[in-house]
Amino acid sequence: MTGDPKVTLGIFASAVRELLRDDELAYADPAERAVVARLADFLRGKYEGWSLDLEWNRCEDVVKRLRCGLSEDELVREGAIVPDLIVHRVGKKENSWSSR
């Protein structure tokens, strides 16, 4: 993946356009997981050196949790979040533009 968000998002947008043109998906009207899996197929190999995973819910050994607006007590009570699709480097700290 490049350090340029426009390039990264351009790759993603191209895959979404391909997804929207997929006649099989339009015909079958599948569930969200199937649609995300097909999107992953279109993205696979586009972000060289990065992993692409479905429903990855960990940051190292910690389960990801939605933090926005939650107190620590609420955070413990609320369920974990599970991203439908994630492009990342497993075990690395460089997984977001904000960490650069």
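Q: Why is histidine 88 called buried in this predicted model?
A: Histidine 88 has a relative accessible area of 4%. Buried means under 20%, so histidine 88, at 4%, earns the word.

Q: What makes the pairing of histidine 88 and aspartate 53 a polar contact?
A: Their side chains are joined at 2.7 Å. The cut-off for such a pair of N or O atoms is within 3.5 Å, and 2.7 Å therefore meets the distance condition.

Q: Where does histidine 88 sit in the secondary structure?
A: You will find histidine 88 in strand S4, which covers residues 85-88. The chain as a whole comes to four helices and four strands, and their order along the sequence is α-α-α-β-β-β-α-β.

Q: How do you know that histidine 88 and serine 51 come together in space although they are apart along the chain?
A: The two residues are 37 residues apart in sequence, yet their C-alpha atoms are separated by 5.3 Å. Across the chain, residues 24 or more positions apart supply 59% of the contacts with a separation of 6 or more.

Q: How much of the chain is buried, and what does it expose?
A: Of the 100 residues in the chain, 16% are buried; histidine 88 is one of the buried residues. The chain exposes about 7,400 Å², with carbon and sulfur atoms supplying 53% of that area.

Conventions
Residues numbered from 1 in each chain as written. Predicted model: local features only at pLDDT ≥ 70, side-chain atom pairs only at ≥ 80, totals over all residues. Heavy atoms only, no water. Helix = DSSP H or I, 4+ residues; strand = E, 2+ residues; numbered from the N terminus. Buried < 20%, exposed > 50% of the residue type's maximum accessible area, 1.4 Å probe, protein only. Polar contact = N/O pair within 3.5 Å; in protein donor to acceptor, adjacent residues only side chain to side chain. Contact = heavy atoms within 4.5 Å. Areas by Shrake-Rupley, 256 points an atom, 1.4 Å probe, with all protein chains shown as cover.
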